[in-house]
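Hello,

Here is the structure I promised to pass on. Please open it alongside this note, and I will walk you through what turned up.

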Amino acid sequence: MKIICIGRNYADHISELQNERPSEPVIFMKPDTAILPKQTPFVIPEFSNDVHHEVEILVKINKVGKYIDPKFAHKYYDEIGLGIDFTARDLQSELKSKGLPWEKAKAFDHSAIISDFLSKKKFSSLENINFELTNNGKTVQSGNTSHMLWKIDELIAFVSQYFTLKTGDVIFTGTPAGVAKVQPNDVLEGFIEGQQLFRIQVK
């Protein structure tokens, strides 16, 4: 399986990092080795002093698709999840300044939290899902899918122009504002509509 990530899909996050608003979705990838195994703490890697949490709504692809029409994109997923795209911000800034790819900052081992998935039928509208991340019990990121610049079906259609989507692939749909550095002993908890979907200890 592959992990396809969307950058700069919430205007407030674009503003907080002082990035340019893109004219189309920004895509990057993570390998399957980026997935943090269940019941495993996240260990801050030695090569970074500034790893940030980025909480995101996830979509799991349920069948193979290429050049998917937006009006049919809803047929390519049944489940919604929650995750974290851990980002070595210091390394990313260095790479961006040199015009280099982000993979070392975004795709390192265990940089992806993937929760259990929920049936999309649980939600009255996929364009109005509340989600949040807490750190040591305090809300640090909160978002609603209505604020996405590109909605889930639009992302699936766009991504499938470049990459064949296969069963089990996961799309990270972008993070809202509030990204921040994690510290040893932090406890990160993720929620969709108040339901806890993961709890991660940082070491």
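A strand here is a DSSP run of E with at least two residues, numbered from the N terminus. Please keep in mind that this is a predicted model.

Let's begin with the pocket. The largest one has a volume of about 240 Å³. Among its 15 lining residues, Lys38, Gln39, Phe198, Arg199 and Ile200 come closest to the centre. Strand 7 (112-114) and strand 14 (195-201) each give at least two residues to the lining, and strand 14 has the largest share, with 5 residues. By type, the lining holds 8 nonpolar, 4 polar and 3 charged residues.

Strand 14 also contributes two or more residues to the largest nonpolar core, as do helix 2 (89-97) and helix 4 (152-159), among other elements. That core has 45 residues, and Phe42, Ile80, Phe86, Ile156 and Ile192 have the most contacts inside it. What does Ile156 touch beyond its neighbours within four places in sequence? Its contacts are Val59, Ile61, Ile68, Ala73, Tyr77, Leu165 and Ile171. Another core, of 12 residues, lies apart from the largest one and includes Val26, Ala34, Trp102 and Ala112.

Finally, there is an open sheet of 3 strands, antiparallel, in the order 6-3-12. Strand 6 (87-88) and strand 12 (180-181) each have a single partner strand, so one side of each has no neighbour in the sheet. Strand 3 (residues 51-53) pairs with strand 6 over 2 bridges, and Val51 sits opposite Ala88 there.

Happy browsing, and best wishes!

Definitions and conventions:
Residues numbered from 1 in each chain as written. Predicted model: local features only at pLDDT ≥ 70, side-chain atom pairs only at ≥ 80, totals over all residues. Heavy atoms only, no water. Pairing = 2+ DSSP bridges. Helix = DSSP H or I, 4+ residues; strand = E, 2+ residues; numbered from the N terminus. 1 Å grid on protein atoms, 1.4 Å probe; cavity = no way out; pocket = protein on both sides within 12 Å on 5 of 7 lines; lining within 4 Å. Points joined across faces, edges and corners; volume = space filled by probe spheres on them. Nonpolar A, V, L, I, M, F, W, Y, C, P; charged D, E, K, R; others polar. Core = buried A, V, L, I, M, F, W, Y, C linked by side-chain atoms within 4.5 Å. Buried < 20%, exposed > 50% of the residue type's maximum accessible area, 1.4 Å probe, protein only. Contact = heavy atoms within 4.5 Å.
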